[in-house]
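Open the model in your viewer and keep the sequence panel beside it. The stops below are given in the order in which to select them.

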Amino acid sequence: MNYGAYVALVSYRLRQVGFLTAEFPPELEGRLALVVSRSEPWGRLSVVLPARLNLTDPQERAALAGDCAAWVRSGRGEEPWQMILLFPFDRRVADEEAEAVAALEERDPDGSWGLIPWCADLEVGLLDQHRGFPPVGPEVAQILTDVPEEPAPRRAERAEGPVRTAPRRMPQTGDFPATRVILALTVAYYLWTVLMGGGLSRLVSGPDGMALILWGANFSLLTLAEQGQQWRLVSHLFVHGGALHLAFNMWALWQVGRYIEAIYGSARMLFIYFVAGVAGGIASVALRPGLVVSVGASGAILGLMGALIYFATTVRHRRVDWQGLLTPVAINLMFGLVYGRVDNYAHVGGLIGGLLAGFVAGVPGDRGGWRRFGVPALGLVVALLVAGVVPLRHISTLLP
């Protein structure tokens, strides 16, 4: 790995999101490759990279962390200052090593300063980052784990200067805030169905049954009809039966979706979400034929959890922070067991679809070979199903 190219790319992209290059004290000369800072609502956030990749000597790491902590402690002034010291590795990092790095953390109890060490596993594309204060946006985490596949762009190798002199970078799929967009579209569509299905008086109770069907519910008599309204396999993900139903699903999406997006990237997160949602929709109409109306994003959300399970069982040496992730899924499944109106077939179908999509997408660091063709191939199959080119009207007759 070309560490200089990585540092140059990280520097360029962090400056694009508001970070500015900062000077460091003489005692850290030659030991740091990058220091950038950005003003946050709570104070100043700095990101620091060491001069060398794969800093494996525990004493050298501890000395660097101690000197950086002393710098932050002595230079915080009146403004709170939190510094992230990133230790990048171009190989997989064992749990013991990641824990040893995390143990180097130093912070003032009142939050006026802090030195937070992270491990960056650049082979897998993950950060062993802290939870809590200071809050760090997912765009920063993604920048820190992006590795150039070729020498960094010439613009990133230029000498430091005003950000306005750098050419504008073309938008990439990794820049797309997938979880936020899905959440916003789902909430907006719910409000639309409420207005069209009874007005604001039904804001809490939700649209009536006819409005749900009209605006895209997964209804087997229509989804599997002769003419085929198989687009309902996607539209039902945005339709919800009430404010509580919507709120619970969006809470679960926010918890799990951001985590999946950080691991797989925005484009693959969308791929997993919609493959799982369609799989759940197919399971619902195949196994619950008749006058059953199915709505909601829970099948797709359980698919995201399926992809996370695949990741956790494949990359076994990596810790997965399950806290806050299993709770919404467990409650969802529990409701399905005790409340007859919950579509458990869609839940199970979505979970299996998410496992399949996660396998096809591949874990970070293992996305070559057949997976380069597997993702577009599976995406095309799902698109043909949704468009009705591949009919599903006989699927229920194939099952017992």
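This is a predicted model.

**Stop 1: the strands**

Select residues 32-40, which are strand β2. Seven of its nine residues are buried, so β2 is largely enclosed by the rest of the structure.

Now add residues 43-50, strand β3. The two strands run antiparallel and are joined by eight bridges. To check the register, pick S39 and look across to β3, where its bridge partner is R44. Between β2 and β3 lie two residues, and the pair of strands forms a hairpin.

Next add residues 20-21, strand β1. β1 also pairs with β2 in the antiparallel sense, here over two bridges. Pick T21 and you will find V36 of β2 opposite.

**Stop 2: two cysteines**

Select C68 and C119. Are they buried or exposed? C68 has a relative accessible area of 0% and C119 has one of 1%; with the cut-off for buried at under 20%, both are therefore buried. A disulfide is a covalent bond between the sulfur atoms of two cysteines. There are zero disulfides in the structure.

**Stop 3: a glycine in a loop**

Go to G242, in the loop between α8 (232-235) and α9 (243-264). Its relative accessible area is 7%, so G242 counts as buried. Show what surrounds it: leaving aside neighbours within four places in sequence, G242 is in contact with Y190, V204, S205 and G206. For a distance to check, take the C-alpha atoms of G242 and V194: they are 9.0 Å apart in space, while the two residues are 48 apart in sequence.

**Stop 4: the nonpolar cores**

In soluble globular proteins, nonpolar side chains tend to be buried together. Which residues touch the most other members of the largest nonpolar core? Select L253, I260, Y264, F271, Y273 and L304, out of the 44 residues that make up this core. Then colour the helices that each supply at least two residues to it: α5 (178-196), α9, α10 (266-287), α11 (298-314), α13 (344-361) and α14 (371-387). The largest share, nine residues, comes from α9.

Stay in this core and centre on Y273. Not counting residues up to four places away in sequence, Y273 touches I182, L237, L253, A297, A300, I301 and L304.

Finish with a second, separate core of 25 residues. To find it, select V10, L53, I84 and I116, which are among its members.

Note on methods. Residues are numbered from 1 along each chain as its sequence is written. This is a predicted model: local features need pLDDT of at least 70, side-chain atom pairs count only at pLDDT 80 or more; totals for chains, interfaces and linings use all residues. Side-chain values use heavy atoms; hydrogens and water are left out. Buried means under 20% relative accessible area, exposed over 50%, partly exposed in between (1.4 Å probe, protein chains only). Helices (H or I, at least four residues) and strands (E, at least two) are DSSP runs, numbered from the N terminus. Two strands pair if DSSP finds at least two bridges between them. A disulfide is a pair of cysteine sulfur atoms within 2.5 Å. Contact means heavy atoms within 4.5 Å. A nonpolar core is a set of buried Ala, Val, Leu, Ile, Met, Phe, Trp, Tyr and Cys residues joined through side-chain atoms within 4.5 Å.
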